[in-house]
Amino acid sequence: MSAHLIFRAVIGSLIAWSDGTPRPPERHRKKLSQWQTNNSRGRLIRKQGERAVGNVGLPASFTLHEADYGAGGVVAVRIYRTFSLDSRLRFTVLERPAIGAVRVLDRPGENAELVHLARNRADAEEWLDQHRYPNAMLDQITAGEIAADHVEGRAA
């Protein structure tokens, strides 16, 4: 699937990307590390349309949350990957958010970023009370949103 179709996927979907090369054996640590850079998965957290910075035009892109690293319940490092729509990698929607799930977005508007995906509104409000995002917005996943994703030819 191309990056253009992933750009239309539902925020909160689990996306895999691949360059099509086979996975090297575990004993080849450097080759395996490079392969994992081009073959992994993450949650779709943000989509940005084309924009200009000064005289430079930037293509539309989407951002995936790949992993969190830390200890004792404290996240020290978050790994995000941003891909432009002209990426040559192949993308696949592995999982869409469940109907009724609630997205916690860091702010309202087009460039909002998913900070948490909760099972329901009560869980989202509880998470928000603990993590305090002042401009957060709760957005419930509807059946229509998931159905539109399937109708437009992006079925997993």
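Let's start in the middle of a sheet: Arg-43 has His-65 as its bridge partner in S5. Arg-43 belongs to a stretch called S2, residues 40–48, while S5 covers 61–71. The names are simple: helices (H or I, at least four residues) and strands (E, at least two) are DSSP runs, numbered from the N terminus. S2 and S5 run antiparallel and are joined by 5 bridges; two strands count as paired if DSSP finds at least two bridges between them. Lys-47 offers another example of such a match, standing opposite Phe-62 in S5.

Before going on, keep in mind that this is a predicted model, in which local features need pLDDT of at least 70 and side-chain atom pairs count only at pLDDT 80 or more, while totals for chains, interfaces and linings use all residues. Residues are numbered from 1 along each chain as its sequence is written, and side-chain values use heavy atoms, with hydrogens and water left out.

Now follow His-65 across to the next strand. Its bridge partner in S6 is Tyr-80, and S5 and S6, again antiparallel, are joined by 10 bridges. The two strands form a hairpin with 2 residues between them, and there Gly-72 takes a positive phi near 65°.

Step back and the whole sheet comes into view. It is an open sheet of 5 strands in the order S6-S5-S2-S1-S7, with antiparallel pairing. S6 and S7 (90–95) stand at the edges with a single partner strand each, so one side of each has no neighbour in the sheet. On average, neighbouring strands are turned by 40° against each other, direction ignored; the axes behind such angles are lines fitted to C-alpha atoms, for helices over the stretch in contact, and angles run from 0 to 180 degrees between N-to-C directions. Helix H2 (residues 29–38) packs on this sheet, touching S1 (14–18), S2, S5 and S6, and its direction makes about 130° with that of S1. Touching, or contact, means heavy atoms within 4.5 Å.

There is a second sheet too. This one is open, has 3 strands in the order S9-S8-S10, and is also paired antiparallel. Its edge strands are S9 and S10, each pairing on one side only, and the twist averages 25° from one strand to the next. S8 (residues 102–105) pairs with S10 over 4 bridges, and Val-102 stands opposite Gln-140 in S10.

Where do strands of both sheets turn up together? Look at the lining of the largest pocket: S2, S5, S6, S9 (114–118) and helix H3 (121–131) each supply at least two residues. How is a pocket found? On a 1 Å grid over the protein atoms alone, a pocket is an open set of points where a 1.4 Å probe fits, with protein on both sides within 12 Å along at least five of seven lines, and lining residues have an atom within 4 Å of a point. The largest pocket has a volume of about 280 Å³. It is lined by 14 residues, and the closest to its centre are His-65, Arg-78, Leu-114, Val-115 and His-116. So His-65, the bridge partner of Arg-43, comes back here. S9 gives the most to the lining, with 4 residues.

Just past H3, Arg-132 lies in the loop leading to strand S10 (137–140). Its phi is near 50°, a positive value in a residue other than glycine. Most residues other than glycine have a negative phi. Is Arg-132 buried or exposed? At 69% relative accessibility it counts as exposed, since exposed means over 50% relative accessible area, buried under 20%, and partly exposed in between (1.4 Å probe, protein chains only).

Ala-3 makes a nice contrast: it sits in helix H1 (residues 3–7) and, at 2% relative accessibility, counts as buried. Leaving aside residues up to four places away in sequence, Ala-3 touches Phe-62, Ser-84, Leu-85 and Phe-91.

Finally, the chain as a whole. It has 4 helices and 10 strands, and of its 156 residues 34% count as buried. Along its principal axes the C-alpha trace spans about 45 × 40 × 40 Å. Among contacts between residues at least 6 apart in sequence, 57% join residues at least 24 apart.

Terms used: Points joined across faces, edges and corners; volume = space filled by probe spheres on them.
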